[in-house]
Amino acid sequence: MQRSLKDYLVISLKGLAMGAADVVPGVSGGTIAFISGIYEELIQTIHRIDLQFFMYWKKNGFANAWKHYNLSFLVALFMGIGISILSLAKIIKWLLHHEALFLWAFFFGLVLASILYIAKQITKWSPLVLVSISIAAILSYLLTIAEPIASPESVWYLLFCGFIAIIAMILPGVSGAFILLILGAYGTFINILNQFREGLTTVNVELLWQAIYKLIFIAIGAIAGLKLFSKVLNWMFSNHKNTTLAILTGFMIGSLNKLWPWKKVLSYRTNSEGIQVPFIEKSILPTKFEGDPAILWVVGFIGIGFALIYGLERIATRKTT
């Protein structure tokens, strides 16, 4: 496919939108790719990349291999995604520290609307669908109250998180940031991105290497997850779509406990910056919240998050029809 510089700039702009979505739990980069009309090309391009690339390169030359594997498309797209994620990471970190109550309220509204969005796609409500939703919701809830199996900053745990979170690149409606929240690694990922950005802008080699070292493990997990699960997930959607959607719906229902704005900290941990941060938290009623529960503001931000997903759904519906 012949593309001009303008076409690749448009692809990068779509990548900017995808990156912004990937940073926010509840909004899927896959959904943005679907709405903007590049989802199918993205999946096909990723599927095509394998070790045969080097053989094709040796036989036909680098330029032909680059064109054959549609790498200009990927570079333009991921450049936009990367710029967007690094730009928003600093804002998200500040909000987590200073306006956590409103940020979690916004995230709660996003996921609440996403539940309805995914559930609406179920075409036949059978006993199997209901059982799938129930089991997935229970398992997801238990995951939100369980103590993390490892420190969120352990490189092996980051590899595991990258492995799981990559499904956001495959399935519209599933957020990678949301998966990281459930796994307790969202804040850690944001800090790594900020560390990378700061090391790059200040030319701090030590800081940059610390971030790159962790990002390498995340990337390895993501690549492995993408290659192992992309075909499986596509097969599940093709052959057991209603059950798959039911599992996703239940998983997100159970996760609402993690996103509930009003929480009580049960224990703390020390992060890589030597700062005490919440480790295990418990959802509580706003009347038992220490400090101002700001109920009206929280409800307002939940509404904003809900409206955002509703608007994206309307755009996607018009795109399909």
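**Exercise 1.** Work out which helix holds Ala-219, and whether Ala-219 is buried, partly exposed or exposed.

*Solution.* Start with the address: in this predicted model, Ala-219 sits in helix H12, which covers residues 205–239. Next comes the cover. Buried needs under 20% relative accessible area and exposed needs over 50%. Ala-219 has 34% relative accessibility, so Ala-219 is partly exposed.

**Exercise 2.** Take Ala-219 and Leu-158 and compare their separation in sequence with their distance in space.

*Solution.* Along the chain, 61 residues separate the two. Now go from C-alpha to C-alpha: Ala-219 and Leu-158 are 9.3 Å apart.

**Exercise 3.** Find the salt bridge and say which parts of the chain it ties together.

*Solution.* First, the count: there's one salt bridge here. Second, the partners are Arg-3 and Glu-41, with 2.7 Å between the closest N and O atoms. That fits the rule, because the cut-off is 4 Å. Third, place them: Arg-3 is in the segment before helix H1 (5–23), while Glu-41 belongs to helix H3 (residues 39–48), so the pair links parts 38 residues apart in sequence. Last, check the cover on Glu-41: its relative accessibility is 18%, so Glu-41 counts as buried.

**Exercise 4.** Name the residues of the nonpolar surface patch, then look at Ile-135 in its helix.

*Solution.* The patch comes to about 660 Å², and its members are Val-131, Ile-135, Ile-138, Leu-139, Tyr-141, Leu-142 and Ile-145. Pick out Ile-135: you'll find it in helix H8, residues 127–145. With 46% relative accessibility, Ile-135 is partly exposed.

Conventions
Residues are numbered from 1 along each chain as its sequence is written. This is a predicted model: local features need pLDDT of at least 70, side-chain atom pairs count only at pLDDT 80 or more; totals for chains, interfaces and linings use all residues. Side-chain values use heavy atoms; hydrogens and water are left out. A salt bridge is a side-chain nitrogen of Lys or Arg within 4 Å of a carboxyl oxygen of Asp or Glu. Helices (H or I, at least four residues) and strands (E, at least two) are DSSP runs, numbered from the N terminus. Buried means under 20% relative accessible area, exposed over 50%, partly exposed in between (1.4 Å probe, protein chains only). Patches are made of residues with over 30% relative accessible area and no salt bridge: like charges are joined within 9 Å, nonpolar side chains (Val, Leu, Ile, Met, Phe, Trp, Tyr) within 5 Å. Accessible areas come from the Shrake-Rupley method with a 1.4 Å probe; for residues, only the protein chains shown count as cover.
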